[in-house]
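Me: I am new to this structure and would like a close look at a single part of it. Please take one helix, and then show me how the rest of the chain is arranged around it.

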Amino acid sequence: PNIVEFIDAFQERVFNIHPSPLPAERGGGIYTWRIIQGQRHVAVTIHLIDEGIDTGGILLHKRRDVPIERPVPRDLMLATNALYAEALREFAGRLKAGERSFPVAAQDDGQSTYLPRLCTEVNGAIDWDWSADELDRFIRGYSYPYSGAFTFVREKRFSILEAEPDGTGAHHPTLHGRVDRVLPDGSVRVLVRDGFLRVRRIRVG
């Protein structure tokens, strides 16, 4: 059956749980997009399924901030899983108590955003002309549990899993992405547009 027939067969009682505060952040790649944009919240929405993508009426919604200064996707995933459990317990509790008619809030399409899915192997290429903060957020967005944002040095691919801004200073664009020095702890300081990026962990290949 098509999606309409499937929904009709269950009398429009087909639900989904989505890891965002719908109608914002419809779609996929949510954890990476959130980190790249400098956001640290997690959210879940239980909503009805309709013919659209994450567009059905909202039955239950929860949101909270993550108390981690520089999260990676794994941090947001774990926090979201805890919020999933909380939301599902509440939803199931209402059903167990005999509640059969839930208020349904229609989504406001005018407030909606859609995030396309991402593939690290395609979308994770580093642009060294970005600022240290932009690079930090981008690298964290493709970090654990993903394989890491990547760059090339003499045609060899390096995926960066851990890095952080490390001082300020203006550098000519021809210097962006060049290694400034290898530090005593084995980390590498790279010149970027507005200072330095300290690379702490990489994967080769």
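Reply:

**A close look at helix H5**

In this predicted model, helix H5 is mostly covered, for eight of its 10 residues are buried. The buried residues of H5 are Ala132, Leu135, Asp136, Arg137, Phe138, Ile139, Arg140 and Gly141. The helix, which runs over residues 132–141, is also among the elements that cover the buried residues of helix H3.

After H5 the chain enters a loop that leads to strand E6 (149–153), and Pro145 lies in that loop. The peptide bond between Tyr144 and Pro145 is cis, with omega at about 5°. Tyr142 can be placed relative to Cys119: the two are 23 residues apart in sequence, while their C-alpha atoms are 9.3 Å apart in space. Cys119 itself sits in the loop between strand E5 (114–115) and helix H4 (120–123), and it counts as partly exposed because its relative accessibility is 35%, a value between the limits of 20% and 50%.

Helix H3, which H5 helps to cover, comprises 24 residues, from 73 to 96. At 1.5 Å a residue it should span 34 Å, and its end C-alpha atoms are 34 Å apart, so the two values agree. Its buried residues are Pro73, Leu76, Thr80, Leu83, Tyr84, Ala87, Phe91 and Arg94. Besides H5, the cover over these buried residues includes strand E1 (15–18), helix H2 (30–36), strand E3 (41–48) and strand E4 (58–65). Ala79 also lies in H3, but it counts as partly exposed, at 23% relative accessibility. When its neighbours within four places in sequence are left aside, Ala79 is in contact with Val42 and Val66; its C-alpha atom is separated by 10.0 Å from that of Pro67, which is 12 residues away along the chain. Just after H3, Gly98 takes a positive phi of about 100°.

Two loops beside the covering strands hold further details of the backbone. Most residues other than glycine have a negative phi, and most peptide bonds are trans. In the loop between E1 and strand E2 (26–27), where Pro23 has its place, a cis peptide bond joins Leu22 and Pro23, with omega at about 15°. Glu25 lies in the loop between E1 and E2 as well, and it has a positive phi of about 60° although it is not a glycine. Glu25 is buried, because its relative accessible area is 6%, which is under the 20% limit. In the loop between E3 and E4 is Asp54, another residue other than glycine with a positive phi, here near 60°; with a relative accessible area of 13%, Asp54 is buried too.

Around these parts, the protein as a whole has five helices and 10 strands, and buried residues make up 42% of its 205 residues. Its radius of gyration is 21 Å, whereas a compact globule of 205 residues would have one near 17 Å, and its C-alpha atoms fill a box of roughly 65 × 35 × 30 Å along the principal axes. Among the contacts between residues at least 6 apart in sequence, 64% join residues at least 24 apart.

Notes. Residues are numbered from 1 along each chain as its sequence is written. This is a predicted model: local features need pLDDT of at least 70, side-chain atom pairs count only at pLDDT 80 or more; totals for chains, interfaces and linings use all residues. Side-chain values use heavy atoms; hydrogens and water are left out. Helices (H or I, at least four residues) and strands (E, at least two) are DSSP runs, numbered from the N terminus. Buried means under 20% relative accessible area, exposed over 50%, partly exposed in between (1.4 Å probe, protein chains only). The expected span of a helix is 1.5 Å times one less than its number of residues. Contact means heavy atoms within 4.5 Å. The radius of gyration is taken over C-alpha atoms; the globule rule is 2.2 Å times the number of residues to the power 0.38.
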